[in-house]
Amino acid sequence: MSEEQAQAHNFMTLQFAAKSENESFARVTVAAFVSQLDPTMNELSDLKTVISEAVTNSIIHGYNSDSTGMVTITAEINGDTVTMTVEDRGHGIEDLDLAKQPLYTSKPELERSGMGFTIMENFMDEFEVSSELGSGTSIRMKKRIESKKALYN
């Protein structure tokens, strides 16, 4: 890896209790990390939204709002692209294809909209979900930042 490539590569890991009040902390932390690429307000808003959706899914669906669980976010900047992963070690998703359907929610009693995966998929360039019952869920998302600063890195 050249010195120029090494400078364009950066990463972070964030781990926190699966408490709903930590969702805003996750949004702000990821936004602060990605700000080094000088994203537009729309790009930053999209990134904050997908982190919010993924973290909320981990807390509500992965852990059934059991705050003893942990949510881990990793974010990596490579050139002009940010890759983010949100992981939990919760219940896992029984039927991933069903869970990805717009308006589907496993918690209708909580008046959830069931649009989380759809939003994540539409706001990001790449979106992958892997899940195993009893072991948890991992959501990996990737987006190229179109800012002028990122173009020069």
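**Helix packing, sheet order and two loop residues**

In this predicted model, helix 3 packs against helix 5 (residues 116-123) at an angle of about 150°, and the two axes lie 9 Å apart. Angles over 145 degrees count as roughly antiparallel, and helix 3 and helix 5 are therefore roughly antiparallel to each other. The crossing of helix 3 past helix 5 is left-handed. On the side of helix 3, the contact is made by Asp46, Thr49, Val50, Glu53, Ala54 and Asn57, which meet Gly116, Phe117, Ile119, Met120 and Phe123 of helix 5. By class, the residues of this contact comprise 6 nonpolar, 3 polar and 2 charged.

The strands form an open sheet of 5 members in the order 1-2-3-5-4, and their pairing is antiparallel. Strand 1 (9-17) and strand 4 (126-132) occupy the edges; each has a single partner strand, so one side of each has no neighbour in the sheet. On average, and with direction ignored, neighbouring strands of the sheet are turned by 10° against each other. In general, the strands of a sheet pair through backbone hydrogen bonds, in either a parallel or an antiparallel manner. Strand 4 and strand 5 (residues 136-144) run antiparallel and are joined by 7 bridges. Glutamate 132 stands opposite glycine 136, a residue of strand 5.

Two helices lie across strands of the model. Helix 2 lies across strand 1, strand 2 and strand 3 (81-88), and its direction is at about 170° to strand 1. Helix 3 lies across strand 1, strand 2, strand 3 and strand 5, and runs at about 15° to strand 3. Helix 3 thus takes part in contacts with these strands as well as with helix 5.

Backbone angles were also examined in the loops on either side of helix 3. Most residues other than glycine have a negative phi. Aspartate 38, by contrast, has a positive phi, near 55°. The position of aspartate 38 is in the loop between helix 2 (22-34) and helix 3 (41-62). Its relative accessibility is 43%, and aspartate 38 therefore counts as partly exposed, the class between the limits of 20% and 50%. Asparagine 64 likewise has a positive phi, near 50°, and is not a glycine. This asparagine 64 belongs to the loop between helix 3 and strand 2 (70-78). With a relative accessibility of 42%, asparagine 64 also counts as partly exposed.

Terms used. Residues are numbered from 1 along each chain as its sequence is written. This is a predicted model: local features need pLDDT of at least 70, side-chain atom pairs count only at pLDDT 80 or more; totals for chains, interfaces and linings use all residues. Side-chain values use heavy atoms; hydrogens and water are left out. Helices (H or I, at least four residues) and strands (E, at least two) are DSSP runs, numbered from the N terminus. Buried means under 20% relative accessible area, exposed over 50%, partly exposed in between (1.4 Å probe, protein chains only). Axes are lines fitted to C-alpha atoms, for helices over the stretch in contact, and angles run from 0 to 180 degrees between N-to-C directions. Angles under 35 degrees count as roughly parallel, over 145 as roughly antiparallel, 65 to 115 as roughly perpendicular and the rest as oblique. A crossing is left-handed if the near helix is turned anticlockwise from the far one by less than a right angle, and right-handed if clockwise. Contact means heavy atoms within 4.5 Å. Ala, Val, Leu, Ile, Met, Phe, Trp, Tyr, Cys and Pro count as nonpolar, Asp, Glu, Lys and Arg as charged, and the others, Gly among them, as polar. Two strands pair if DSSP finds at least two bridges between them.
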